[in-house]
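Colleague: I would love a close look at one part of this model, followed outwards into its surroundings. Please pick a good starting point and take your time.

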Amino acid sequence: MIDDDDSLPLERDQDIGDLKRRIEEAAAHSRFVDFRTADGAEVSVLLSPHSRVRIAVLPFRLEAVDAVQPGGFDDLPADLF
């Protein structure tokens with residue numbers, strides 16, 4: 001999240017330590033930081049000493065995996081009834 005704007009989910013393999021280092025360097029001198037979001041968009045953000053950046057590393061959620069969820073009783077084997 002940058003300046004309380006919408007959050008920008010990052011790619012799963014993003015090097016968070018490197019991104020934080022680049023943000024710190026950019027904020028000291030008002031520079032752009034480039035990164036890729038989880039949906040593949042390439043983002044450039046201008047950071048300054050007056051910008052506020054929040055990075056949160058969230059735990060893996062099964063809902064995020066593209067998997068077919070059971071639909072209820074219709075998905076159960078017939079011999080269970």
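Modeller: Let's start at Ser-30, which is partly exposed, with a relative accessible area of 40%. Please keep in mind throughout that this is a predicted model. Ser-30 sits in the loop between helix 1 and strand 1, and its backbone deserves a look: although Ser-30 is not a glycine, its phi is positive, at about 55°. That places the positive phi just after helix 1, so to speak at the doorway from the helix into the strands.

From Ser-30 we can step back into the helix. Helix 1 covers residues 16-29, 14 residues in total. From its first C-alpha to its last it reaches 20 Å, close to the 20 Å expected at 1.5 Å a residue. At its start, Asp-15 has a side-chain oxygen that comes to within 3.2 Å of the backbone nitrogen of Gly-17.

Which residues of helix 1 are buried? They are Leu-19, Ile-23 and Ala-26. These three lie on the same side of helix 1, because the arc they cover around the axis is only 70°. Turn to the face that points away from this buried side and you find the exposed residues Glu-24, Ala-28 and His-29. The buried residues, for their part, pack against strand 1 (31-36) and strand 2 (42-47).

Ile-23 shows this packing at the level of one residue. Setting aside neighbours within four places in sequence, Ile-23 is in contact with Val-33, Leu-47, Val-53 and Ile-55. Val-33 and Leu-47 also appear, together with Ile-23, in the largest nonpolar core. That core has 8 residues in all: Leu-19, Ile-23 and Ala-26, then Val-33 and Phe-35, then Val-43, Val-45 and Leu-47. Helix 1, strand 1 and strand 2 each supply at least two residues of this core.

Now go back to Ser-30 and look across to strand 2. Among the residues that Leu-46 touches is Ser-30 itself; the others are Arg-31, Phe-32 and Ser-51, not counting residues up to four places away in sequence. Leu-46 belongs to strand 2. Is Leu-46 buried, exposed or partly exposed? With a relative accessible area of 49%, Leu-46 is partly exposed, since the exposed class begins over 50%. The C-alpha atoms of Leu-46 and Arg-31 are 5.5 Å apart in space, while the two residues are 15 apart in sequence.

Following the chain onwards brings us to the loop between strand 1 and strand 2, where Thr-37 has its place. Thr-37 is buried, at a relative accessible area of 5%. Its side chain makes a polar contact of 2.3 Å with the side chain of Asp-39. Leaving out residues up to four places away in sequence, Thr-37 touches Leu-8, Pro-9, Leu-10, Glu-11 and Val-43. Val-43 is a residue of the core described above.

Ala-38 lies in this loop too, but Ala-38 is exposed, with a relative accessible area of 54%. Beyond four places in sequence, Ala-38 touches Pro-9, Leu-10 and Glu-11. Ala-38 and Gln-14 are 24 residues apart along the chain, and their C-alpha atoms are separated by 9.3 Å.

Gly-40 is another residue of the loop between strand 1 and strand 2. Its relative accessibility is 37%, so Gly-40 counts as partly exposed. Here again Leu-10 comes into view: Gly-40 and Leu-10 are 30 residues apart in sequence and 8.7 Å apart in space, C-alpha to C-alpha.

Finally, let's set this part within the chain. The secondary structure comes to 1 helix and 2 strands, running α-β-β from the N terminus. Of the chain's 81 residues, 15% count as buried. Taking the contacts with a separation of 6 or more, 40% come from residues 24 or more positions apart. The chain exposes about 6,900 Å², and carbon and sulfur atoms supply 53% of that area.

Technical notes. Residues numbered from 1 in each chain as written. Predicted model: local features only at pLDDT ≥ 70, side-chain atom pairs only at ≥ 80, totals over all residues. Heavy atoms only, no water. Helix = DSSP H or I, 4+ residues; strand = E, 2+ residues; numbered from the N terminus. Expected span 1.5 Å × (residues − 1). Buried < 20%, exposed > 50% of the residue type's maximum accessible area, 1.4 Å probe, protein only. Arc of directions from axis to C-beta. Contact = heavy atoms within 4.5 Å. Polar contact = N/O pair within 3.5 Å; in protein donor to acceptor, adjacent residues only side chain to side chain. Areas by Shrake-Rupley, 256 points an atom, 1.4 Å probe, with all protein chains shown as cover. Core = buried A, V, L, I, M, F, W, Y, C linked by side-chain atoms within 4.5 Å.
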